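Work through the exercises below with the sequence and the model open. Try each task before reading its solution.

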Amino acid sequence: MPKYLTGKILKIENQSPTTKRFWVEVVGVDIVEFKAGQFVTMELPIHEKRLKRMRSYSIANAPSNSNILEFSIVYLEKGLASNYLFHEAKIGTELKFKHPAGVFTLPKEINKDLIFICTGTGVAPFRSMIQDIYTNNIPHKNLHLIFGTRKKEGILFKDEFKKIEKEYSEFKYSIALSQEKEWDGHIGYVHPIFEEEYSSVTADRIFYLCGWSIMIDEAVERLKKLGYPESQIRFELYG
Ligand SMILES: Cc1cc2nc3c(=O)[nH]c(=O)nc-3n(C[C@H](O)[C@H](O)[C@H](O)COP(=O)(O)OP(=O)(O)OC[C@H]3O[C@@H](n4cnc5c(N)ncnc54)[C@H](O)[C@@H]3O)c2cc1C
């Protein structure tokens, strides 16, 4: 098996004022094997030193009989990779990346409630997992996605998750907006949502956290303070 896969950008779409969706077709294979929640590490032409060219991105779609991977990527003003992906990469651009990897995946058997907590593009692995559960009919318990961002226009995959929430009573979708004044949902950060809802500790829950360290560190601290042991907390740190 070759160490690297090559993907060609098929489609790019604006997802929010600071986020784009990328569809990448992996060349030379019919199906890309991966587990929902995994990421790929891309080697991008952004630095002369190889190690400084590597950036990881969570796969945002579910495993299927396809060779197309989806990504949801945020633009960081001085970020080398995000500048390359937003300003230089275009339809047809080839991306070199390692095989999907990572252990931030669904339990083998979903026999506990899963609470997915994220901000911004940290939703990507959860979109993959939730899509996997519903499109591949994986038996599960209650699911709760808690998504945080600053303003309404930063909400990612909203219509999709709203649709799932409408169709399936065991799926709950909460959005926390930290800088919006006119909003009939939660105003503030993600933390008070899980603190209120899951204040009585039981062993029947697993918390999955994904995003940048500021949010994750705080969420882990608050979950531990509520009384949840580390064995019930899993996280994927973006940086
Ligand atoms: C397993 C894994 C999966 C990931 N999946 C995704 C994904 O699906 N989507 C996605 O958008 N990113 C994802 N990331 C983050 C991604 O790998 C890059 O770190 C990110 O794109 C920034 O790279 P860059 O080259 O643009 O910025 P860099 O050139 O590496 O950094 C530029 C500067 O920005 C700072 N910075 C980093 N993050 C932030 C932030 N949130 N806000 C402000 N400043 C910041 C850095 O400290 C640095 O000083 C993932 C990371 C990991 C480890």
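**Exercise 1. Find the bridge partner of Met42 in strand 6, then place strand 3 among its neighbours.**

Step 1. Met42 has Phe97 as its bridge partner in strand 6. Strands here are DSSP runs of E with at least two residues, and helices are H or I runs of at least four, both numbered from the N terminus. This is a predicted model: local features need pLDDT of at least 70, side-chain atom pairs count only at pLDDT 80 or more, and totals for chains, interfaces and linings use all residues. Residues are numbered from 1 along each chain as its sequence is written.

Step 2. Strand 3 (residues 39-43) and strand 6 (residues 94-98) are antiparallel, with two bridges. Two strands count as paired if DSSP finds at least two bridges between them.

Step 3. Now turn to strand 4. Strand 3 runs antiparallel to strand 4 as well, with five bridges. Val40 is matched there with Tyr57.

**Exercise 2. Trace the six-stranded open sheet and say which strands stand at its edges.**

Step 1. Write down the order: 10-9-8-7-11-12, with parallel pairing.

Step 2. Look at the ends. Strand 10 (186-187) and strand 12 (233-237) each have a single partner strand, so one side of each has no neighbour in the sheet.

Step 3. Check strand 7 (residues 113-119). Six bridges link strand 7 to strand 8 (residues 143-149), and six link strand 7 to strand 11. Ile117 has Ile146 as its bridge partner in strand 8 and stands opposite Leu209 in strand 11.

Step 4. Judge the cover on strand 7. Six of its seven residues are buried, that is, 20 or more other C-beta atoms lie within 10 Å of their own (exposed means 12 or fewer, partly exposed in between; C-beta atoms are placed from the backbone).

Step 5. Finish at strand 12. Strand 11 (residues 205-211) pairs with strand 12 in parallel over five bridges. Gly211 is matched with Leu237.

**Exercise 3. Describe the largest nonpolar core and the contacts of Leu145.**

Step 1. Count the core: 59 residues. Such a core is a set of buried Ala, Val, Leu, Ile, Met, Phe, Trp, Tyr and Cys residues joined through C-beta atoms within 7 Å.

Step 2. Pick out the residues with the most contacts inside it: Phe116, Ile117, Phe126, Leu145, Ile146 and Tyr208.

Step 3. Locate the core. Domain 1 (4-98) and domain 2 (113-237) both give residues to this core, so it lies between them. The domain bounds come from an automatic or database domain assignment.

Step 4. List the partners of Leu145. Beyond its neighbours within four places in sequence, Leu145 contacts Phe116, Phe126, Ile130, Phe161 and Tyr173. Contact means C-beta atoms, placed from the backbone, within 7 Å.

**Exercise 4. Place the ligand.**

Step 1. Ser56, Ser58, Gly79, Ala81 and Ser82 come nearest among the 21 residues around the ligand. A residue is near if its C-beta atom, placed from the backbone, lies within 6 Å.

Step 2. Strand 4 (54-58), strand 5 (68-74) and helix 1 (80-88) each supply at least two shell residues.

Step 3. Sort by class: 11 nonpolar, seven polar and three charged. Ala, Val, Leu, Ile, Met, Phe, Trp, Tyr, Cys and Pro count as nonpolar, Asp, Glu, Lys and Arg as charged, and the others, Gly among them, as polar.

Step 4. Domain 1 and domain 2 both give residues to the shell, so the ligand lies between them.

Methods: Two residues are in contact if their C-beta atoms, placed from the backbone, lie within 7 Å.
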